[in-house]
Amino acid sequence: MLDIKKIREDFPILRSGLVYLDNAASSLTPQSVLQKMMEFYNEYRANVERGVHRLSQRASQEFEEAHRKVASFIHAKSEAEVVMTRNATEGINLVAYGIGWRKGDRILTTLLEHHSNFIVWLRLKRRLGVEVDLIRPSKEGILDPRAFEDAITDKTRLVAVTHVSNVLGTVTPIHEIAEIAHRYGALLLVDGAQSVPHMPIDVQRLECDFLAFSGHKMLGPTGIGCLYIREELLEEIEPLCIGGGTIEEVTSEGYKLALSPRRFEAGTPAIAEAIGLGAAVDYLQGIGMEALAEHERHIVEIIHRGLSSIKRVRVFGPEDWKLRTGIVSFCIGDLNPHDIALALDVSANIMVRSGFHCAMPLHTEVLNERHGTVRASTYLYNTKEEAEALISMVEEIARGLM
Ligand SMILES: Cc1ncc(COP(=O)(O)O)c(C=O)c1O
């Protein structure tokens, strides 16, 4: 059981009494993360991997330590497999432009995806002529591994799939999909933006080749994210940017790239942000990811059950809580989702997301919701009372429609 009262004290923004249920968009940040970032600015503000003076040495050590913390958090084999990016989106783009595509290559992805793991592939189709095959999830947002088995071909070079739907909270059976992808010689990219912050992750057990995620959704600062690249692929994947910091040696004729992760992290990186992400990982590990996931399951079950019992409210996703994480999307009658979100903020201090949540094909082609949905998404600091406040406010709005 989490000590929620104590946890909430670590998040000064919650003192104002706001109910923050927009964690799938971005999480709040605890004081310890902010302090760790301030320590960089106040005590050892210098560039990394460049200077011999002691400030630069300390900054480099802390920056490298952040890579080690993230590597251990996702059970990577070593920090070489952890590339700091700006966010999940950049990590996915790195993979898209890092693979040496060949004529006839195919990419297999799904209609469940966030645009960051969708339009990237459509652009490759437009620019490089690779083919994109799409798998349709069920209306509840479930992806069936058998559909991957049916759609994959010997030409499929990459399978790109989300681990957790950012709209429906459903969990994709990654391990089964990895087995299918590898049997056909394809690589597997997992969009972990909504899974890494909320559940224990072991990239070796998942058997994925790439895992992209963002720091700002897991208590870290904005402007920092990670891409896990499986050890065997580190030399094969071309960096998105090269330049200062990425090389071993340069002559007038050419260059030799440094080992990973440096070869992928061109220019001066987001140093304070990376160190802040390391502190966020410390915080999450201190709480325990199993306990955190259990807490979210409890809160989301209250929300799901409560909203489902209200007349005129449509709740999306599976009823079975074992198939979902802390995300619930819903609509009230034919009210515009933005109006609902605004009413929740103005009348009850509740922050939720509304619209398409960067997953337009899912809304328009699977859920048939032309204006999108309202999304409540939980994290470790949310309480049963907050869940109940959301339910009673939604009830009041729905009653107003009668
Ligand atoms: C499933 C999923 N993938 C990718 C992203 C993109 O994350 P970022 O904007 O941090 O790059 C998000 C953000 O909401 C997401 O939910």
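Me: How many bridges join S14 to strand S15?
Reply: This is a predicted model. In the model, S14 and strand S15 (residues 373–377) run antiparallel. One pair of residues shows how they line up: Gly-355 stands opposite Thr-373 in S15. The number of bridges that join S14 to S15 is 3.

Me: Which strands stand at the edges of the sheet with the order S11-S12-S15-S14?
Reply: This open sheet has 4 strands with antiparallel pairing. On average, its neighbouring strands are turned by 30° against each other, direction ignored. An edge strand has a single partner strand, so one side of it is left without a neighbour in the sheet. The strands in that position are S11 (313–315) and S14 (353–355).

Me: At about what angle to S14 does helix H11 run?
Reply: Helix H11 consists of residues 337–348. The helix lies across strand S12 (327–332), S14 and S15. Its angle to S14 is about 160°.

Me: In what order do the 7 strands of the other open sheet stand?
Reply: The pairing in this sheet is mixed. Its edge strands are S2 (82–85) and S4 (131–135), each of which pairs on one side only. From one strand to the next, the twist averages 20°. Read across the sheet, the order is S2-S8-S7-S6-S5-S3-S4.

Me: Which residue in S8 stands opposite Val-82?
Reply: S2 pairs with strand S8 (residues 225–229) in the antiparallel sense. The pairing extends over 4 bridges. The residue in S8 that stands opposite Val-82 is Tyr-228.

Me: What angle does the direction of helix H4 make with that of S7?
Reply: Helix H4 (residues 88–98) packs on the sheet. The strands it touches are S2, S5 (156–162), S6 (187–191), S7 (210–214) and S8. With the direction of S7, the direction of H4 makes an angle of about 155°.

Me: Which residues come nearest to the ligand?
Reply: There are 14 residues around the ligand. The residues of this shell divide into 3 nonpolar, 9 polar and 2 charged. Those that come nearest are Thr-89, Asp-191, Gln-194, Ser-214 and Lys-217.

Me: How far is a nitrogen atom of the ligand from an N or O atom in the side chain of Asp-191?
Reply: Oxygen atoms of the ligand have polar partners too. One is 3.4 Å from an N or O atom in the side chain of His-114. A polar side-chain atom of Ser-214 lies 2.6 Å from an oxygen atom of the ligand. For the nitrogen atom and Asp-191, the distance is 2.5 Å.

Me: What percentage of the ligand's accessible area does the protein cover?
Reply: The starting value is the accessible area that the ligand has on its own, which is 390 Å². Of this area, the protein covers 89%.

Me: Which residue does a cis peptide bond join to Ser-260?
Reply: Omega at this bond is about 5°. The partner of Ser-260 is found in the loop between strand S10 (255–257) and helix H9 (271–287). That residue is Pro-261.

Me: What is the phi of His-75?
Reply: The place of His-75 is in the loop between helix H3 (54–73) and S2. Although His-75 is not a glycine, its phi is positive. The value is about 60°.

Conventions. Residues are numbered from 1 along each chain as its sequence is written. This is a predicted model: local features need pLDDT of at least 70, side-chain atom pairs count only at pLDDT 80 or more; totals for chains, interfaces and linings use all residues. Side-chain values use heavy atoms; hydrogens and water are left out. Two strands pair if DSSP finds at least two bridges between them. Helices (H or I, at least four residues) and strands (E, at least two) are DSSP runs, numbered from the N terminus. Axes are lines fitted to C-alpha atoms, for helices over the stretch in contact, and angles run from 0 to 180 degrees between N-to-C directions. Contact means heavy atoms within 4.5 Å. A residue is near a molecule or strand if one of its heavy atoms lies within 4 Å of it. A polar contact is a pair of N or O atoms within 3.5 Å; within protein, one must be able to donate a hydrogen and the other to accept it, and residues adjacent in sequence count only if both atoms are side-chain atoms. Accessible areas come from the Shrake-Rupley method with a 1.4 Å probe; for residues, only the protein chains shown count as cover. Ala, Val, Leu, Ile, Met, Phe, Trp, Tyr, Cys and Pro count as nonpolar, Asp, Glu, Lys and Arg as charged, and the others, Gly among them, as polar.
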